[in-house]
Amino acid sequence: MALPSAKPIVFSPWNDPDATPLIRIRGVSKSFGDFLAVNNVDLDIYPGEFFSLLGASGCGKTTLLRMLAGFESPTDGRIFIDGVDMTGIPPYERPVNMMFQSYALFPHMTVAQNVAFGLKQDGLSKKKIAEKAKEVLDLVQMSAFSERKPNQLSGGQRQRVALARSLAKEPKVLLLDEPLAALDKKLRGQTQLELVNIQDRVGITFVMVTHDQEEAMTMSARIGVMNAGFIEQVGTPVEIYEYPATTFVADFIGTANMFDGVVALDEQNRTVVDCAELEAQLTVGHSSGVAVGAPVTVMVRPEKMTVQREAPQDGLNSVHGVVSDIAYLGDISIYHVRLNSGRKVQVALTNLRHTSEQRLTWDDEVYLTWHPANSLVLVQ
Ligand code: ATP
């Protein structure tokens with residue numbers, strides 16, 4: 001007999017019309033003088049979600065996070081947390097806690113004292129504080145270091161103490177501003193998974209700001225991709241990679257080959273695009289929903305293409321060019337293929353064999369082909 005599960009097997013409350021968001025952001029904008037840093041954002045974040053705001057430097061993600069924390073006030077719009085309008089509510093009265101990029105640990109206090117600090121301010125008894133501090137330090141596996149000062153810890157250990165301190169107050173929402181920025185690449189990778197496991201165990205809603213797409217993809221249930229103050233798309237990592245809504249998202253997340261053209265035919269499961277640059281028609285395996293003649297962009301990811309030396313037989317979706325650069329990355333190689341028009345297309349091949357047995361080399365003439373279902377029409 002199957003035991004009842006505490007958590008649904010697939011966590012996707014955003015697909016449940018009866019689910020109530022924990023955070024509701026409605027029409028929120030923020031101007032600094034004439035400059036619009038956050039532009040009319042509408043967003044729902046659900047209880048227990050690990051949500052990331054992802055975007056390039058200066059896109060407004062930190063400003064949006066700071067408005068959730070109460071460190072900035074919206075110029076327009078409203079933020080509701082757990083059904084309560086946050087307008088005019090100061091940071092310390094909000095059910096949120098913010099973990100800063102710098103970790104902001106007190107240097108003169110031990111690890112245990114750092115964690116206890118906020119609890120003391122809340123007026124908890126000594127016994128309760130000691131219990132709570134031990135519980136969160138156990139959670140982040142830092143109990144053995146409780147008497148050390150921050151300068152006697154590595155960057156990764158400081159990060160875990162900062163996390164423990166933030167979790168100790170049991171906020172409904174933990175806001176994380178580039179929480180792993182200070183860690184080196186390898187430690188970042190490990191810590192990303194640790195952080196996700198901890199979030200899963202405590203069940204607190206995490207909202208993280210990052211400019212690192214790999215980090216956002218690894219850690220988040222959903223991602224909001226921001227551009228110039230605007231949320232371009234909200235979706236699961238799979239949705240934003242496989243089905244980007246805009247050319248900006250397609251380009252920002254991973255690598256995308258994009259071909260501009262105009263719609264020649266639009267059917268229920270097929271769009272044909274006239275692509276002047278390629279002097280060819282491209283077929284995409286879904287409807288674009290726009291009129292014949294409308295300008296569109298066809299997107300194909302590098303790993304969705306295949307390479308062959310012979311001209312393909314069926315004539316569907318193929319471009320011809322010459323290998324101009326090869327980037328060997330160990331597990332995969334990226335081939336840059338220069339087309340007749342001079343523009344370059346990237347194709348990724350998994351290195352199943354040793355390099356000495358590579359199939360392709362510089363100046364090889366090749367055909368790149370792809371199935372219509374592996375490409376996407378983006379409306380301009
Ligand atoms: P980063 O990853 O570099 O931190 P970000 O996406 O988090 O970037 P924000 O910090 O939200 O960006 O800033 C968005 C824009 O608003 C930037 O152009 C920034 O210069 C501007 N800005 C932020 N805070 C202020 C402020 N207090 N006064 C004036 N402009 C500000």
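**Note on the two sheets, helix 3 and Lys169**

1. Strand 15 pairs with strand 19 (residues 365-369) in the antiparallel sense, over three bridges. Within this pair, Gln308 stands opposite Tyr367 in strand 19. The structure discussed here is a predicted model.

2. The pair belongs to an open sheet of five strands, ordered 15-19-16-17-18, with antiparallel pairing. Strand 15 (306-308) and strand 18 (344-350) are at the edges; each has a single partner strand, so one side of each is left without a neighbour in the sheet. From one strand to the next, the twist averages 45°.

3. A further open sheet has six strands in the order 6-7-8-3-9-10, and its pairing is mixed. Its edges are strand 6 (96-99) and strand 10 (230-235), each of which pairs on one side only. Neighbouring strands of this sheet are turned against each other by 20° on average, direction ignored.

4. At one end of that order, strand 9 (residues 222-227) and strand 10 are joined by five bridges in the antiparallel sense. Gly224 stands opposite Val234 in strand 10.

5. Which strands does helix 4 lie across? They are strand 6, strand 7 (173-177) and strand 8 (205-210), and the helix runs at about 170° to strand 6. Helix 5 also packs on the sheet, where it touches strand 3 (50-55), strand 7 and strand 8. The direction of helix 5 makes about 155° with that of strand 8.

6. Helix 3 (residues 126-139) has 14 residues. From its first C-alpha to its last it reaches 20 Å, close to the 20 Å expected at 1.5 Å a residue. After helix 3 comes Gln141, with a positive phi near 55°.

7. The buried residues of helix 3 are Ile129, Lys132, Ala133, Val136, Leu137 and Leu139. Seen down the axis of helix 3, they fall within an arc of 150°, so they line one face of the helix. A lysine, Lys132, is thus listed among the buried residues, whereas Lys127 and Lys134 are exposed on the other side of helix 3.

8. What covers the buried residues of helix 3? The cover includes helix 2 (111-121), helix 4 (155-168) and helix 5 (185-202). Two of these elements recur from point 5: helix 4 lies across strand 6, strand 7 and strand 8, and helix 5 touches strand 3, strand 7 and strand 8.

9. Lys169 is found in the loop between helix 4 and strand 7. Is Lys169 buried, partly exposed or exposed? Its relative accessibility is 36%, so Lys169 counts as partly exposed; the partly exposed class lies between under 20% for buried and over 50% for exposed.

10. Leaving aside neighbours within four places in sequence, Lys169 is in contact with Asn97, Gly118, Leu119 and Asp122. Lys169 and Pro95 are 74 residues apart in sequence, yet 9.5 Å apart in space, C-alpha to C-alpha.

11. On the cysteines, a search of the whole structure finds zero disulfides. Cys59 has a relative accessible area of 4% and Cys275 one of 2%. Both values are under 20%, so Cys59 and Cys275 count as buried.

Definitions and conventions: Residues numbered from 1 in each chain as written. Predicted model: local features only at pLDDT ≥ 70, side-chain atom pairs only at ≥ 80, totals over all residues. Heavy atoms only, no water. Disulfide = S-S within 2.5 Å. Buried < 20%, exposed > 50% of the residue type's maximum accessible area, 1.4 Å probe, protein only. Pairing = 2+ DSSP bridges. Helix = DSSP H or I, 4+ residues; strand = E, 2+ residues; numbered from the N terminus. Axes fitted to C-alpha atoms, helices over the stretch in contact; angles between N-to-C directions. Expected span 1.5 Å × (residues − 1). Arc of directions from axis to C-beta. Contact = heavy atoms within 4.5 Å.
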